[in-house]
Every structure is written in structure tokens, then in C-alpha cells.
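This report is meant for a reader who is meeting the structure for the first time. Please look over the sequence and the structure before going on to the sections below.

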Amino acid sequence: MNITTYRTIWISDLHLGSTQCRADLLLDFLKYNESEKLYLVGDIIDFWALSKKMYWPRDHNTVIQKVLRKARHGTQVIYIPGNHDENVRHYDNYVFGDIVVKNSDVHVTSDGKQFLVVHGDEYDTIAKCHKWLAKLGSDGYDFLIEINRLLRMVRRWFGMQSNFSLAAFVKFKVKNVVQFISDYEESIVSTLKDQDLDGVICGHIHHAEIKEIDGFLYVNTGDFVESCSAIVEHFNGTLELVRWHRIESAIAHNEVMEVNID
């Protein structure tokens, strides 16, 4: 498959260091997609998970190496920490291995639109004011993800390919969670829409989206846990949501990549 080059790529909520992380698909995405600028929009390393259990498989290390290699070879990499890697926020404007840490940034697209880039937990009242409740919810989410990981292994054992996410299924069957997502979107837009911005690009809630709210563009990168999604900017300034899927071919064990663009 040919490598696709974009002006900018945004990815978030990788959760390296946890069993949630879909490092296999993430590595595929990084291999077949290049950009002039790469934003890491928070929850890149999951220090919450690492504080409970040391989990760092080889492919998680490979992800870090690939990002560092991109930075060394000319990609401008900007790391915006989230709540799961909030300790990194103490290093605002520091440079580590050609990667710049910023707590937030304003990105200007090639057609002149200005977007605030933040992780987004700053606009989540539960994450901001009730950290114990946020961590409790995170533990329950981790449990569903772990069950989903086991189900995925069973499906692969029987030769079944599926991107079904138990966590996402449960999340969108719970009315209060659906309302929380809507409230989060409206909260962040209402806070920022009068600040001479055209939109916001964030992560945090693991729900990829591009939509206009009251004339303000709300963009959410999603995650590499459930949706395995990213936001890309084409060279004409157009933003698109990309969901990354891998199809394993039985012929010579080759891997073919497929991209769905919403």
C-alpha cells in the first residue's frame, strides 16, 4: 500500500502502557501515513494504568520509536498532554527528542482557519472536579476493554475479523453516557466560540466526530482503543476523520491495509 502524506495529523488517547492500546493498528497507521505536522493530543502514555500494573510490551516501545523517528526526519511533532499523562503538563514548552510539549496550541490550517488544540479534560466537569469518580469510571471502562480484548482473541482464533467494541456498545446503550458526550461537546463549544477561533480539535472522550455546533467546528480525534481513528488535514485545509482498519490476507501472510474515511 502506498504511503499517504497529509499536511497535519492529529491522534489522541493511545493509552500506551495499558492493555487498552491497539498498538498493532497504531503502528500500521504510523507506517502508512506521513505528515508535515503531527499532534499527539493527550493520554498518549497511560500513567494511571502503569501506576497499578507495569505493562509495557515491545510494540508499545516501537510506537515511541516510530514517533521519535518521524520527529528526527522532519515531522513537527507536538505533544499536548491529557489527564492520564497530566504530569507531562509540568514541561510546557520543553523539547524532548525533537518533540515539543505544549499544554495547548492554536493550529492554523492552510486555508487560514484557526483551531485550538487541547486534550479536552479541562472542559469535563467530572475529570476536573471529581477525579476519584473519573478514575472509578476509568477502571470500569478498562474492565470492558479487557473483556473485549479477550473476545477479539477468540474471534481471531476462529478466523473472524471484527472491529466490534464492547465498551463502545455499552457506552452508547447507557442514556446518561450519551447525554454526557452531548453535554461535553456543548460545554467546550460554548466556552470557546467567542475567542476568535474557528473551531476546536480535542480528544478525551473516545468519540471521534467532526461537526458544526452554532457555527463553530467541533473536532474530536477519537482514540486508538475503540475506534482507532485520527483527524487529518489535507493540503487544501480540508479536515477529515479517518478510521483505520487492517485486513489480514491469507496469501503468504501478507497484510493489506484499508482506510475508511468518514
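## A first residue to look at

Is R22 buried or exposed? The model is a predicted one, and in it R22 has a relative accessible area of 7% and is therefore buried. The side chain of R22 meets that of D24 in a salt bridge, with 3.7 Å from N to O.

## The open sheet

Five strands make up an open sheet of mixed pairing, and their order across it is β6-β7-β8-β10-β9. At the edges stand β6, which covers residues 105-108, and β9, which covers 209-213, each of them pairing on one side only. Between neighbouring strands of this sheet the turn is 25 degrees on average, with direction ignored.

In general, the strands of a sheet pair through backbone hydrogen bonds, in either a parallel or an antiparallel way. For β6 and β7, the latter made of residues 114-117, the sense is antiparallel and the pairing runs over four bridges. One of the residues involved is D105, whose bridge partner in β7 is V117.

## Two nonpolar cores

The largest nonpolar core holds 32 residues, and those that touch the most other members are I11, F29, L40 and F224. Several elements each supply at least two residues of this core, including the strands β1 (4-11), β2 (33-40) and β12 (239-248) as well as the helices α1 (23-32) and α3 (58-72). The element that gives the most is α1, with seven residues.

L40 offers a closer view of this core: when residues up to four places away in sequence are not counted, L40 touches I11, V67, V77, I78, Y79 and I80. Another core, of 15 residues, lies apart from the largest one, and among its members are V118, V200, I205 and Y218.

## Two loop residues, H206 and N236

H206 is placed in the loop between β8 (199-202) and β9, and with a relative accessible area of 9% this residue is buried. The side chain of H206 takes part in polar contacts with two other side chains, that of D13 at 3.2 Å and that of H15, also given as 3.2 Å.

N236, by contrast, counts as exposed because its relative accessibility is 52%, and its place is in the loop between β11 and β12. Leaving aside neighbours within four places in sequence, N236 is in contact with S110 and D111; S110 is 126 residues away in sequence, yet the two C-alpha atoms are 6.1 Å apart in space. The side chain of N236 also makes a polar contact of 2.9 Å with the side chain of T238.

## Salt bridges

How many salt bridges does a search of the whole structure find? The search finds nine. D111, already met as a contact of N236, forms one of them with K113, where the closest N and O atoms are 3.3 Å apart. D111 is partly exposed, with a relative accessible area of 38%, and K113 likewise counts as partly exposed at 38% relative accessibility.

A further salt bridge joins K193 and D214, with 3.7 Å between the closest N and O atoms. This pair links distant parts of the chain, since K193 belongs to the loop between α7 (175-192) and β8, while D214 belongs to the loop between β9 and β10 (216-220), 21 residues apart. K193 counts as partly exposed at 34% relative accessibility, whereas D214, at 63%, counts as exposed. Elsewhere, R89, D121 and E122 are linked in a network of salt bridges.

Notes. Residues numbered from 1 in each chain as written. Predicted model: local features only at pLDDT ≥ 70, side-chain atom pairs only at ≥ 80, totals over all residues. Heavy atoms only, no water. Pairing = 2+ DSSP bridges. Axes fitted to C-alpha atoms, helices over the stretch in contact; angles between N-to-C directions. Core = buried A, V, L, I, M, F, W, Y, C linked by side-chain atoms within 4.5 Å. Buried < 20%, exposed > 50% of the residue type's maximum accessible area, 1.4 Å probe, protein only. Contact = heavy atoms within 4.5 Å. Polar contact = N/O pair within 3.5 Å; in protein donor to acceptor, adjacent residues only side chain to side chain. Salt bridge = Lys/Arg side-chain N within 4 Å of Asp/Glu carboxyl O.
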